[in-house]
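User: I should like to learn how to read the features of a structural model. Please take the case below as the worked example.

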Amino acid sequence: MKSFNITEFIRLVVISLLLLWGFFLVKPFIGILAWAVILAVALFPLYKKVRFVFGEKHQKKASTLFSIILVTLLIVPTYSAVSSLFSSVNATLTAIDNNELKITPPTEKVKEWPVLGTQIYDNWKSFSENSKQYTIDHKEMLMEKGSAAVKSFTGILGTVFSFLLSLIIALIFMSNATGAFKTASEFTNKLVGGKKGVSLLLMARDTIRNVVKGILFVALVQAFFAYLGFKFIGLPAPSIFAFIVMLSAIIQVPVTLVVLPTVFMAFSIEESTVTATVFSVYIIIISLLDNFLKPILLAKGLKTPMVLIIIGALGGMMLHGIIGIFIGTVLLAVLHQLYMTWLSSKADVVIKE
C-alpha cells in the first residue's frame, strides 16, 4: 500500500483550488463563449467562401466586410425588434400613469368568429368601454407589473450585448480557425485517447452546423417574416408574437397553431377583408415554411428526439436567458449524437489517466 505523501496532497489541493478559481472567473462568460463557438462553427463555411472570393491578398478586407454584413444582418434587426417592444411598453405605462389608456374596441367581424365569436366580442367591447376606469382603479398594480416588464427588457438589452460580444469572439475564432481546430483536436485526443478525438470533434462540428441550419436558422427565418406580416397588418406588440413563433419553431411545436390567433385578430382590426385575407394566406405559408426548408438544410442522419430539443431550449433559456435557447438546443443535440455514436461503436472509449 502506497504511503501518504503530504507533498502530493498539497499539490492536489493547490491545483484543485486554481481550477475552481479559474472556473468561477470564467463562469459569467460560459454562455457567451459557448454561443461564440457555435456561431464560429456554423458560419465558418460561409466565412471561408467570402475569403476565397477576395483572394489571399485581401484577407483583412474580406474579414472586415464579412463582420460588418454579419453584424448588420443579425444585430440590427434584433435591436430594432427589442427597442420597438420597449417603446410600446413604455408608451402603455405612460398612458396608464396619465389615466389615458384606451383599448381599441372590436369590430362587428369578431362576432363571426366560430364558436366563441359573440362571447369574445361582448367581453372585448365591455373591457374597451371601461378600460379607462379599470386602469384608474388598478393603477398601482398595473404600474408595478409594467415596471417589472421594463426591468426584464433591460435584461433583453443585455442579451443583445452578449450576442454582439459572442459574435465578435466568433469572428476572432474564425480568423484563427486552423490554430483553434488544432488545439481542440489535441485536447479531444488527450481526453479520449489515441486519434479518436478528431473523429468525435468532426462529428460534433457537423452536428452543430446541421442543428443551426435545420432548426435555429429556419426558426429565425420564420420569426423574421412573421414579424414583417404582423407589422404590416398592424398587430399590437408584433415583436412578442414573432418571439413566440421563433420559440415554437425551435421546440418543434407547429407554428400554424401559434399564428392562428393572429389570423382572427387580423380580421377584427383590419377593415379591409381583402387585406386580412392576404395576411392570413401569407402567415399560414410562413408557418409551413419549415416543412420546405428542413428537408433541404437538415442532414438526414441527424435525428435528435423532440423532447431533448424542448429541454435544451427551455433549460437553456432558464440558465442563460434568451441566448440560452440556442445554446441549449445545440448542446443537447451534440451530446445526443455523441451518446449514440458511443453506443454504436465497437471499441470502448478509454480515458487515459
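User: What follows H8, and what is the sign of its phi?

Analyst: Helices (H or I, at least four residues) and strands (E, at least two) are DSSP runs, numbered from the N terminus. In this predicted model, H8 is followed by Gly234, whose phi is positive, near 80°. Helix H9 is likewise followed by a residue of positive phi, Gln252, with a value near 70°.

User: How should the span of a helix such as H8 be read, and where is its kink centred?

Analyst: The expected span is 1.5 Å times one less than the number of residues. H8 covers residues 196–233, 38 residues in total, and its end C-alpha atoms are 55 Å apart, close to the expected 56 Å. The bend at a residue is the angle between axes fitted to the seven residues ending there and the seven starting there. In H8 a kink of about 35° is centred on Val212. H9 (residues 238–250) has 13 residues and reaches 18 Å, close to the 18 Å expected.

User: Which residues of H9 are buried?

Analyst: Buried means under 20% relative accessible area, exposed over 50%, and partly exposed in between (1.4 Å probe, protein chains only). The buried residues of H9 are Pro238, Ser239, Ala242, Val245, Met246, Leu247, Ser248, Ala249 and Ile250. Across the 353 residues of the chain, 34% count as buried.

User: How many salt bridges does the structure hold, and which residues form one?

Analyst: Side chains of opposite charge can pair when their charged atoms come close. The criterion is a side-chain nitrogen of Lys or Arg within 4 Å of a carboxyl oxygen of Asp or Glu. The structure holds 1 salt bridge. Asp206 pairs with Arg205, the closest N and O atoms being 3.1 Å apart. Asp206 is partly exposed, at 34% relative accessibility, and Arg205 is also partly exposed, at 30%.

User: How is the overall fold to be summarised, and what share of contacts joins residues 24 or more positions apart?

Analyst: The chain has 14 helices and 0 strands. A contact means heavy atoms within 4.5 Å. Among contacts with a separation of 6 or more, 70% are between residues 24 or more positions apart. As a case of distant positions, Phe29 lies in the loop between H1 and H2, and its C-alpha is 9.1 Å from that of Ser162, 133 residues away along the chain. Pro45, in helix H2, has its C-alpha 9.7 Å from that of Met174, with 129 residues of sequence separation.

User: Where does UniProt place the transmembrane regions?

Analyst: UniProt positions are given in the numbering used here, feature names are shortened, and annotations may be inferred rather than shown by experiment. The unreviewed UniProt entry places the feature "transmembrane region" at several spans, including residues 9–26 and 240–267. Residues 9–26 are 100% helix and 0% strand, with end C-alpha atoms 26 Å apart. Residues 240–267 are 86% helix and 0% strand, and their end C-alpha atoms are 19 Å apart.

User: Where is confidence lowest, and where is it highest?

Analyst: pLDDT is the predictor's confidence in each residue, from 0 to 100. The chain mean is 75, and 70% of residues reach 70 or more. Helix H5 (residues 131–137) has the lowest confidence, at a mean of 61, and helix H1 (residues 6–26) the highest, at 88. Over residues 349–353 the pLDDT is below 50, and this stretch has 9 contacts beyond near neighbours in sequence.

User: Which conventions apply to the numbering and to the values?

Analyst: Residues are numbered from 1 along each chain as its sequence is written, and side-chain values use heavy atoms, with hydrogens and water left out. As the model is predicted, local features need pLDDT of at least 70 and side-chain atom pairs count only at pLDDT 80 or more, whereas totals for chains, interfaces and linings use all residues.
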